[in-house]
Amino acid sequence: MNRRPLLSFTVCWVAGSAAGCLFSGRSLLFCLTGLLLLPVVWAVSGGIRWRTAGVLVTALIVAALYWKYSEVRNVSLLPEVLGQPVSELNEAYITAAGVIASPVERDGDRVDFVVKLSGIRLHQGELAAAAGTEGEVQAEVNSGDTAKTGAERALERSAEGERVTVQIKLQEESEIAEAALWQRGDRVVIEGELIQPQIARNFGGFDYRAYLLTQKIHWLLKGTGTASVTVNPQVSWEPSTILRWNDRARSMLGAEMSRLFQEPHAGYMKGLVIGIQKELDPETFRQFSQLGLTHILAISGMHVAVYVGVILVLLRRCRLTRETALTVTLLLVPVYVLLSGAGPSVIRAGIMSMIALLAARLGMLKDGLNILAASALMMLVWNPYLLLSISFQLSFLVTAGLMVYTPLAAPLFRRLLGWLGSSLSVTIIAQLVSFPLTIYYFNQFSLLSVAANLLLVPFITFLVLPLGTLALLLGRIWNTAALLLAQLAEILNNITFAAVEWVNGFTAGVLIWASPSFLWICLYYGLLYGLLLALKRRTEARLVPQFMDDETRPLAELERPGNPINTTNQPDLLSIANSRRAALAFQAYPPTGATRWSNPAAILCAVGLTILLYKGYNAKAIRDGSGSISFLDIGQGDSSLITTPGGTHILVDGGGTVSFGNREEWRIRRSPFEVGAKTLLPLLKQRGIHRLDAVILTHGDQDHAGGLQAVLEGMPVSALLFNGTLADTEPYTKLMTTALDAGVRLYPVQQGMSLAPDEATRLNFLWPEPRADGQILPEEVEDQNHESVVFRLEMNGRSFLFTGDMDQAAEEAILHSASQSGIRQGRPIDALKVAHHGSKTATSADWLAFWNPGAAVISAGVNNMYGHPNGGVLDRLADANTEIYRTDQQGEIQLRVSKEGISIRHKRTPTPD
């Protein structure tokens, strides 16, 4: 580290920033104290000078304080400006004035962009902070006056600079052309609803509010139609004009790609060549993601390296001097960074390239790790929240890992051809280094990822990427050649897509991992380093004896008694020369005694790494004899996850996004929100569930069955239990077809059946009623609610009732059947999953009196249009002294069931009405 002070400083800066992010108050003091001791101990041991230790200590403290300073400043100004609490501002109708501060993007019937506010008013008859009237704002904007309006002037001291994400839902297809004219830098006045971004509603779920916070955005502004937006185009030059030109250039390049390539190739090539990923086919992205190939779709160091290399070669071919070529390339790198979207990975690569080019131009000694450290430090000082960016983390970690680990792994591949050994070592190291972050964020890893990267990355990088780039450059110069190159690129793309799909067909190679802890990740990197270092020393030690025997034999002869040379007492010049060569060899290759520890160290690290991987893969499978029930918050629908004490995973329903009628084609979004793919499946993977032992589909309605399509496509499922009927809908038919194609066993259940996953768990099915004798094939039933699967779950001596969307008629039939069996009162249950989201069509007083539930869970969407849960149902539950839990108010509700009792926790604390 003494040779790389900048690297040491940056590592301490990152550590201090991480401490400031993760801790606060007394916890932060304890964490900083522990971190500060490390440089001190290092200095005491003589590893570094005390002056260096002081600099590192300063970096830790300043970084933590800088993070806290950024957090203090990263707050919304609107509650203070408008004189209203956050709860009152949420869903308030406002008029806001400001400047568009991002590219304007359209997806189907929605247009998104960011606005930097300069004025705002509430639609409550009163203006905040003496702001001007809406008419004044509107008139001044319409007049084309770029000076601040009355509202902006009144609020510039308090609201100036507040950034909001704007979402405009188009009402007519004709509005697309109008929205296409909006650009970065335009002054706008927008009328709409102010919405606070949603927080995570499930444990481990995506937190949209926290994500926007890293971009210093605290509010969404939702408008309806282009009529809600008044635009005044930019007329004078401003600093943002450069970004405006860049947006226009990227748009033109994207349009040219669309002209040259057909779908899905156009969207794929836009992401590959110019970093426009919004039009990439979602299925293509999913296929690439499963194989760990998404890095090829994002502009990164590989693209920048190719870009810089091509420019240098072309400039040298033009007979420019080396210094001139380096200078021109240095100036062109920022242009490429801007045109490719300026994401964290390409910024990192761009900064590193510019530093390296400058060092080469000045003839200075350069070091890769120092250059990497300088890039990271510059970016984190500019925006400390980049530390939380997945792209930033992966880009820097993989680059640093290649620099540190590849020299250790290189001797292991010495027997292979030069290019093959280097390619294989780089690919394997890149996969090993990115592995912890991959499973932490994406919760899956393909065992075939190394082979796919080794074969497809060079294929795409050195064939497809140059062809696409050349076609784009020739598009307006030589159209025939450009189209020919585009067709050739499409052929290669088809080969790529077919290869990716074929490899992904081996589903057994895709492993699902729970998100590991920070300690687990640190141990992984430490053991990996130790293993590679020990293997390197062991490999080098094998080369030492042969080389040393040949070179030192004359010296060994001198030590033999009676040697003629010894009797002369004259030095042998050849022996002295050999001894010097041997000394140099000892320096390059430690002697066998010095590497004797390599074998046990390698074994120890390998065993430790194996145990660590095993524990990480089975992290959620290790239990203490208790089970759990998770009532997931998936909006207006039902989905519950049961994990038995024996480790069996049972999913009850999967929620689903309900659509009303056929939407016009122009309204359809490229990747619309779907509960199964965007919420349910990621949650199951995040919790380390490798396989679902059973899925219980209570009935065929979309809000219970829709999300299961993504589950069946993305995770192994052993069995599907359903109500024995069919629903006449396309999604239901597709779901059943997918289950059959995947080899999932189908079981129609009915009253009287039971399932015992383990000794501590039993499911007793109470509904639907038995089918008629002789009926073999499932019949089609329109009213699926009445046929909902109802079962009682017994776990560790506790009892729970799941009811689907059963109606009161089904309740009465179950009670009547019990009465005929002589049962007047059911054994009390600990928790009832209230039927049909708390609808008035079920949960009668007689039903509650029969079961006498201690607690009730209602699964309903926030502000749903159905008015669920019904007030009458809530009253009946209260009269029965039943404790009520609601996903619309409390998010996910988890019950941990042990023999000692039930512990309940929920994601959110309900706000009082």
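Okay, let's start with a term: a cavity here is a set of grid points where a 1.4 Å probe fits but cannot get out, and a residue lines it if one of its atoms lies within 4 Å of such a point. Keep in mind that this is a predicted model.

So, how many cavities of 30 Å³ or more are there? The count is two. In the largest one there's about 50 Å³ of space. Around that largest cavity you'll find Asp638, Ser639, Ser640, Val652, Asp653, Thr698, Phe802, Thr803, Gly804 and Lys833. By type, that lining splits into two nonpolar, five polar and three charged residues.

Now pick out Phe802 from that list, and let's follow it into the strands. Phe802 sits in strand β21, which covers residues 798–802. Is β21 mostly buried or exposed? Four of its five residues are buried, so the strand is largely enclosed by the rest of the structure.

Next, the neighbours. On one side, strand β20, residues 790–795, runs antiparallel to β21, and five bridges join the two. One of the pairings puts Phe791 together with Phe802. These strands form a hairpin with two residues between them, and Asn796 there takes a positive phi near 50 degrees.

Then there's strand β22, residues 831–833, which is parallel to β21 and joined to it by three bridges. Here Phe802 stands opposite Lys833, and you've met both already: Phe802 and Lys833 are among the residues lining the largest cavity. To get from β21 to β22, the chain goes through helix α29, residues 808–820, and this β-α-β crossover is right-handed.

How values were computed:
Residues are numbered from 1 along each chain as its sequence is written. This is a predicted model: local features need pLDDT of at least 70, side-chain atom pairs count only at pLDDT 80 or more; totals for chains, interfaces and linings use all residues. Side-chain values use heavy atoms; hydrogens and water are left out. Buried means under 20% relative accessible area, exposed over 50%, partly exposed in between (1.4 Å probe, protein chains only). Two strands pair if DSSP finds at least two bridges between them. A crossover is right-handed if, with the strands pointing away from the viewer, the path from the first strand over the helix to the second runs clockwise. On a 1 Å grid over the protein atoms alone, a cavity is a set of points where a 1.4 Å probe fits but cannot get out, and a pocket is an open set with protein on both sides within 12 Å along at least five of seven lines; lining residues have an atom within 4 Å of a point. Grid points are joined across faces, edges and corners, and a volume is the space filled by probe spheres set on the points. Ala, Val, Leu, Ile, Met, Phe, Trp, Tyr, Cys and Pro count as nonpolar, Asp, Glu, Lys and Arg as charged, and the others, Gly among them, as polar.
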